[in-house]
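Reader: I would like to ask for a close look at a single part, followed outward through whatever borders on it. Please keep to one connected account.

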Amino acid sequence: MKTLHIFIAVLFIPWSFSLAKYDDFEDGDDIMEYDDNDFAEFEDVNEDAVTDSPQRIITTEDDEEEATVELEGQDENQEDFDDADAQEGDTESEPYDDEEFEGYEEKPDASPSKNKDPITIVNVPAHLQNSWESYYMEILMVTGLLAYIMNYIIGKNKNNRLAHAWFNTHRELLESNFALVGDDGINKEATSTGKLNQENEHVYNLWCSGRVCCEGMLIQLKFLKRQDLLNVLARMMRPASDQVQIKVTMNDEDMDTYVFAVGTRKALVRLQKEMQDLSEFCSDKPKSGAKYGLPDSLAILSEMGEVTEGMMDAKMIHFLTHYADKIESVHFSDQFSGPKLMQEEGQLTKLPETKKTLLFTFNVPGSGNTSPKDMESLLPLMSMVIYSIDKAKKFRLNREGKQKAEKNRARVEENFLKLTHVQRQEAAQSRREEKKRAEKERIMNEEDPEKQRRLEEAALRREQKKLEKKQMKMKQIKVKAM
Amino acid sequence: MADPRRPGRVARYKPPSSESSPALEDPTPDYMNLLGMVFSMCGLMLKLKWCAWIAVYCSFISFANSRSSEDTKQMMSSFMLSISAVVMSYLQNPQPMSPPW
């Protein structure tokens, strides 16, 4: 991560340098023009430079045209060309001596030829114009920022409204099933706050507890990031839904040992890859649920057939068929330990802790364009959750199923131990070496030479004993082998 | 149906371990924070106006995506840095920004 950040920073700096040089070049140009104007002042006063002045006049004329067309603040230009002004006025208006214009015979000749060529209008650089229009990039930026802020406020409020609509719809059902509805974990007493915890502008939590069978239920309302304009724009390309994620932690005695999941095929494939328990216990690909009357969109992942048979009773099938469009995944597991951890070397010496859990993920209908009314359609799904809790408690595997389940779990544990065997050996080895080192240090640090000798002898004796034991063991093994 | 509620078996809410989940779930606010700081430093030192403006945008995006557990101090500091980058660029060079095209 850190190297990536440094790399990105390093890339940006030379690129900006090259663009900075560009700016310097433009500044140089300005200085050049300014020099020309300085000299133009002096040349107009000098008579010797009169022959040069026709050309000067022409260029200054053009500049002047430009000056008059553009808005006022051309004070600098007009001051420099005051002399030119006087001369131009003279050439254009009639009642003046012709004698004065002896030197300017070239001019009438010059101007027709000039007229043939197209007049090149010199562009006055933007920074010399003092108008708001030249700051249009800045105005664009500020407008963009204001749009972002507006979207933030609107998105935040919408998510808030949706969350409270959901809670109002479900409050009654939850309060009739749980003693504690809403807990922020900070209060000293365990009293129902009756409110959602707002974690984020788009994530709301609710903790319910105090029911038979389960320790507690955590409901997470994961809305879309409506407060972030970038996310809103990305969602226009790829539509997504708000999600309601429910995690029920069961009591140990209230659930038998099985792993089971049902949901959309895509979700199950993803879960099978990500979740530790599904990848270990449900090795087959998700099977179609058509056998049980489920719609084609839903698939089943199960540890053994008996579990599927037991789980797919009439009421469950009814729930799953009627609300199939809102169900993303349903996952029951007694070995749930979360997603697979990225294994670093030498770290995994113990199996991760498992908890008996029921997990539900529901999609809110509307696919992003939800209104608070859509939350009512999720109420039957909550009833399904409550029904599943009771069902998980009632459902018990028969003897065969239980034996299979135990075998599976033993197999998984063995595999894990084998994998970590090498690591555990290394860990034990390093521990032994550390002990030896500590002892040697102690011996070295002993000042009294007598004590030193005694400790050394004791260490030698211990090592000899160990060697003897090993030799005995080898002999025993050889004898047994024979 | 009997009342399924058991007030005696109430368990308190324990927020899930805050170490592993935030980094895994969504790195956007962290990336945006870092980008914002990089851009504002570029804008300040190399006097590039567009860098400073992008830094302001990055810090806004980082704020919108931030998690509740994150420090407001860090948000505010990145905000202030990006706004100061914009202000300094304009103080040194009041000319308007030129588009790249």
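Which residue in β5(A) does A:Leu218 stand opposite?

Author: A:Leu218 stands opposite A:Lys247 in β5(A). The model is predicted: local features need pLDDT of at least 70, side-chain atom pairs count only at pLDDT 80 or more, and totals for chains, interfaces and linings use all residues. Residues are numbered from 1 along each chain as written, chains are lettered from A and ligands numbered from 1 in written order, and side-chain values use heavy atoms, without hydrogens or water.

The strand to start from is β4 of chain A, residues 214-222 (strands are DSSP runs of E, at least two residues, and helices runs of H or I, at least four, numbered from the N terminus). Seven of the nine residues of β4(A) are buried, so that the strand is mostly covered (buried is under 20% relative accessible area, exposed over 50%, partly exposed in between, with a 1.4 Å probe and protein chains only). With β5(A), residues 243-250, the strand β4(A) pairs in the antiparallel sense over eight bridges (pairing needs at least two DSSP bridges). With β3(A), residues 203-209, the strand β4(A) is again antiparallel, and here seven bridges join the two. On that side A:Val203 stands opposite A:Lys222 in β4(A). β3(A) and β4(A) form a hairpin with four residues between them, and A:Gly210, in the turn, has a positive phi of about 90°.

From β5(A) the path leads to A:Asn251, which lies in the loop between β5 and β6 of chain A. A:Asn251 counts as buried because its relative accessible area is 10%. Leaving aside residues up to four places away in sequence, A:Asn251 touches A:Cys213, A:Cys214, A:Glu215 and A:Lys356, and also B:Arg9 of chain B (contact is heavy atoms within 4.5 Å).

A wider view of the two chains comes from the aromatic rings. There are 13 aromatic pairs over all chains (Phe, Tyr and Trp rings, the last by its six-membered ring, with centres within 6.5 Å; planes under 30 degrees apart are stacked, over 60 edge-to-face, the rest tilted). In one of these, the rings of A:Tyr152 and B:Phe63 have centres 5.5 Å apart and planes at 40°, so the pair is tilted. Because A:Tyr152 belongs to helix α6 (residues 136-177) of chain A and B:Phe63 to helix α3 (residues 49-64) of chain B, the pair joins two chains. A:Tyr152 is buried, at a relative accessible area of 13%, whereas B:Phe63, at 32%, is partly exposed. A second pair, A:Phe260 with A:Phe332, is also tilted, because the ring centres are 6.1 Å apart and the planes stand at 45°. This pair links distant parts of the chain, with A:Phe260 in strand β6 (residues 259-264) and A:Phe332 in strand β9 (residues 327-336) of chain A, 72 residues apart. A:Phe260 is buried at a relative accessible area of 1%, and A:Phe332 is buried with a value of 1%. Ring pairs also gather A:Tyr148, A:Tyr152, B:Phe60, B:Phe63 and B:Phe79 into a cluster.

Strands β6 and β9 lead on to helix α13 of chain A, since among the elements that cover the buried residues of α13(A) are β6, β9, α9 (276-281), α10 (305-311) and α14 (449-481) of chain A. Those buried residues are A:Gly401, A:Ala405, A:Asn408, A:Arg409, A:Val412, A:Phe416, A:Thr420 and A:Ile443.
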